[in-house]
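Subject: Structure handover

Hello,

Here is the structure I said I would pass on. My notes follow below it.

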Amino acid sequence: MAVFPWHSRNRNYKAEFASCRLEAVPLEFGDYHPLKPITVTESKTKKVSRKGSTSSTSSSSSNSMVDPLSSVLDGTDPLSMFAASADPAALAAAMDSSRKKRDKDENSIVGSDFEPWANKRGEILARYTTTEKLSINLFMGSEKGRAGTATSAMSEKVRTRLEELDDFEEGSQKELLNLTQQDYVNRIEELNQSLKDAWASDQKVKALKIVIQCSKLLSDTSVIQFYPSKFVLITDILDTFGKLVYERIFSMCVDSRSVLPDHFSPENTNDTAKETCLNWFFKIASIRELIPRFYVEASILKCNKFLSKTGISECLPRLTRMIRGIGDPLVSVYARAYLCRVGMEVAPHLKESLNKNFFDFLLTFKQIHGDTVQNQLVIQGVDLPSYLPLYSPAMDWIFQCISYHAPEVTARELQCDRHLPCCGSPCALCPEMPTGPFRNSCSSVHTSQPAQ
């Protein structure tokens with residue numbers, strides 16, 4: 001086999017590089033290049049009227065290309081200009097008209113034969129009074145929670161809200177002791193007004209803090225005779241908060257060109273309203289304590305209408321089961337009364353959750369004979385005959401909700417096998433029942449059905 005010697009070929013790398021290189025085209029100054037940064041120059045047009053001549057136009061724009069997306073920043077894009085041209089008066093009129101229609105529709109959910117909560121409110125406040133000194137924990141927010149200017153950056157706004165929540169978690173509270181009943185009522189009314197002021201000044205986090213602090217007061221039974229009146233005062237604040245949240249979300253679905261129908265569905269709401277509604281539910285779900293988390297979520301139960309057609313029917317059973325985690329029977333029965341109240345306002349046809357609240361109460365009623373409740377009564381010097389009537393307002397309301405347009409089988413089911421613990425109104429449905437504090441409550445069920 002022949003062997004040939006190996007010799008490397010001489011190469012001129014510079015010449016090869018020059019021959020393979022692309023032809024360079026000189027780029028004159030000012031010419032457009034795809035990698036050249038786009039410079040945006042604001043164009044201003046000014047019309048000057050002169051006597052005897054037409055208007056002349058002067059422009060300060062340059063020949064450089066203008067980025068069409070940059071018009072969003074200065075509000076000159078078509079959508080921003082169209083929104084800016086909307087008449088604020090027309091928008092306010094549309095919202096006011098929609099609110100009136102909605103309020104009228106809500107009032108027609110239950111008939112005139114259903115006694116509203118407002119009629120019972122004054123009676124409860126007048127009946128359940130105390131001469132003992134009361135205490136209240138007030139939220140003492142820092143000045144960091146003040147609303148910033150409109151020009152503040154989004155990151156600054158988010159950081160401020162996180163600082164507010166951290167400040168709240170650290171327990172920035174002030175406890176007021178030795179308050180008379182009237183002082184206590186005045187403090188609660190001040191908190192209600194503070195809630196409205198914080199909401200009007202766009203301090204939503206502060207408003208939520210106030211509601212959480214007030215809800216926590218419902219876990220305090222240190223002055224047990226005053227608890228029904230305290231429940232009335234605190235739920236007034238919860239009702240205010242629920243209405244403010246609902247109105248805010250509803251306003252996002254209303255503009256000068258369209259108004260939500262009286263019976264709107266989730267399909268009629270836009271994505272912004274749904275996202276805001278979910279944001280509120282997520283905030284409330286992060287509340288650590290059970291009682292404030294339950295009450296605050298129940299106060300905005302109506303907002304589920306923006307998310308799903310079955311949202312309310314799914315939330316009511318879950319909130320009913322949540323009450324089972326409340327150990328004090330008096331606190332739990334008023335929580336059930338509040339859930340029944342908001343449930344009747346938005347879905348009076350869902351009777352199953354109402355009945356479930358009643359039977360859950362029967363299962364927990366035996367706790368009044370337990371050591372926890374008995375020791376509490378001994379410490380406060382309250383005997384059992386004085387303690388049991390404290391349940392009457394809550395049970396009276398629960399019975400009224402259950403018996404409203406209920407079939408006859410419901411009344412019989414409630415009273416079969418001596419379900420009622422202390423019924424004091426003997427009738428054909430539950431004869432031979434002893435007298436007790438629930439005789440007024442039971443009468444709503446008795447009178448709703450004819451005696452057999």
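Which charged end sits over the ring of tryptophan 199? That of lysine 204, placed 4.9 Å from the ring centre. Please keep in mind that this is a predicted model.

A second arrangement of this kind involves tryptophan 280: the charged end of lysine 283 sits over its ring, 4.9 Å from the centre.

On rings with rings, there are 20 aromatic pairs in the structure. One of them joins phenylalanine 365 and tyrosine 391 edge-to-face, with 6.0 Å from centre to centre and 75° between the planes. The planes count as edge-to-face because that angle is over 60 degrees. Phenylalanine 365 belongs to the loop between helix H14 (351-364) and helix H15 (371-380), while tyrosine 391 belongs to the loop between helix H16 (384-387) and helix H17 (392-403), so the pair ties together parts 26 residues apart in sequence. Phenylalanine 365 and tyrosine 391 are both buried.

There is also an aromatic cluster made up of Phe114, Trp117, Tyr227, Phe231, Tyr334, Trp397 and Tyr404.

For the chain overall:

- The secondary structure of the protein chain consists of 19 helices and 4 strands.
- Of its 452 residues, 41% are buried.
- Among contacts with a separation of 6 or more, 72% are between residues 24 or more positions apart.
- The exposed area of the protein chain is about 26,600 Å², with 55% of it supplied by carbon and sulfur atoms.

Regards

Methods. Residues numbered from 1 in each chain as written. Predicted model: local features only at pLDDT ≥ 70, side-chain atom pairs only at ≥ 80, totals over all residues. Heavy atoms only, no water. Phe/Tyr/Trp six-rings, centres within 6.5 Å; stacked < 30°, edge-to-face > 60°. Helix = DSSP H or I, 4+ residues; strand = E, 2+ residues; numbered from the N terminus. Buried < 20%, exposed > 50% of the residue type's maximum accessible area, 1.4 Å probe, protein only. Lys NZ or Arg CZ within 6 Å of the ring centre and 35° of its normal. Contact = heavy atoms within 4.5 Å. Areas by Shrake-Rupley, 256 points an atom, 1.4 Å probe, with all protein chains shown as cover.
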